[in-house]
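Work through the exercises below with the sequence and the 3D view at hand. Try each task before reading its solution.

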Amino acid sequence: MLTDNYTQVLKNIEAACRRAGRDPEEVTLIAVSKTKPVEMLQEVYNAGARVFGENKVQEIMDKYDQMPSDVKWHMIGHLQRNKVKYIVDRVAMIHSVDSVRLAQAIEQEAARKGVTVPVLVEVNVGEEESKFGLSVEEVLPFVEETSAYPHLRINGLMTIAPYVEDPEDNRAIFRTLKKLSVDIAGKNIDNVSMSVLSMGMTGDYQVAVEEGATMVRVGTGIFGARDYSQRG
């Protein structure tokens, strides 16, 4: 079943790319495996997945050594500064950088471990009080300030769009993030690229792809509904 789900999501991405005149190779599918056991991750890995997203540092720590070494782990959830040291040298990308203090913590730990960490700036485009992220207006000053950190590489932007019944309702959100990325790219800031747009989840990833997403984060669409009853 999981193999079928994963294959179907890839087909949907390809179809969305066709509609938008894009190359499907431009879009990376992140299998969001939070709360899921390693057995399920392995099944999706066997179907071809190599990029997995987790919301919690502890889950990355737990699963890291149990999965094949060619898995690329993405930290997509809110990251506390005191947890940064556990993952800076284990993740391919951190999607949720939303404060100078967090950026500083990543810089310090990355320097200590001799790595450079690709990060995305989290933007709360929908201005929802329940979500983390910078406002659209705060992003450029933030990027300009943190671009000086040598062990941090800003690779683009990420947003978590509002939960909606109709994915079309989020099209404007995705367009706003895309426009912001183009505007920042035009500034040609050293150590900053806007090559990554991480936006779109199970309910709206096809619209996100049509609007320029280069990474989509799909959990339920691959693994089914999350079961929180197993977690203490």
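The exercises go from the whole chain to single residues.

This is a predicted model, in which local features need pLDDT of at least 70 and side-chain atom pairs count only at pLDDT 80 or more, while totals for chains, interfaces and linings use all residues. Residues are numbered from 1 along each chain as its sequence is written, and side-chain values use heavy atoms, with hydrogens and water left out.

**Exercise 1. Overall form**

Task: Find how many helices and strands the protein has, and compare its radius of gyration with that of a compact globule.

Solution:
- Step 1. The protein has 9 helices and 8 strands; helices (H or I, at least four residues) and strands (E, at least two) are DSSP runs, numbered from the N terminus.
- Step 2. The globule rule is 2.2 Å times the number of residues to the power 0.38, and the radius is taken over C-alpha atoms.
- Step 3. For 232 residues a compact globule would have a radius near 17 Å, and the protein agrees because its own radius of gyration is 17 Å.
- Step 4. The C-alpha trace spans about 45 × 40 × 35 Å along its principal axes.

**Exercise 2. Burial and contacts**

Task: State what share of the residues is buried and what share of the contacts joins residues 24 or more positions apart.

Solution:
- Step 1. Buried means under 20% relative accessible area, exposed over 50%, and partly exposed in between (1.4 Å probe, protein chains only).
- Step 2. Of the 232 residues, 49% are buried.
- Step 3. A contact means heavy atoms within 4.5 Å.
- Step 4. Among contacts with a separation of 6 or more, 60% are between residues 24 or more positions apart.

**Exercise 3. Three residues**

Task: Decide whether T159, K63 and K187 are buried, partly exposed or exposed, and describe where each is placed.

Solution:
- Step 1. T159 is in the loop between β6 (152-158) and α7 (171-185). With a relative accessible area of 0%, T159 is buried.
- Step 2. A polar atom of the T159 side chain lies 2.6 Å from the backbone oxygen of V123. Leaving aside residues up to four places away in sequence, T159 touches V123, V125, I173, L177, S198, M199 and R217.
- Step 3. K63 belongs to helix α3 (residues 57-64) and counts as buried at 5% relative accessibility. Beyond four places in sequence, the residues touched by K63 include S33, E54 and W73.
- Step 4. K187 sits in the loop between α7 and β7 (192-198) and is partly exposed, at 48% relative accessible area.
- Step 5. K187 and A208 are 21 residues apart along the chain, and 24 Å separates their C-alpha atoms.

How values were computed:
A polar contact is a pair of N or O atoms within 3.5 Å; within protein, one must be able to donate a hydrogen and the other to accept it, and residues adjacent in sequence count only if both atoms are side-chain atoms.
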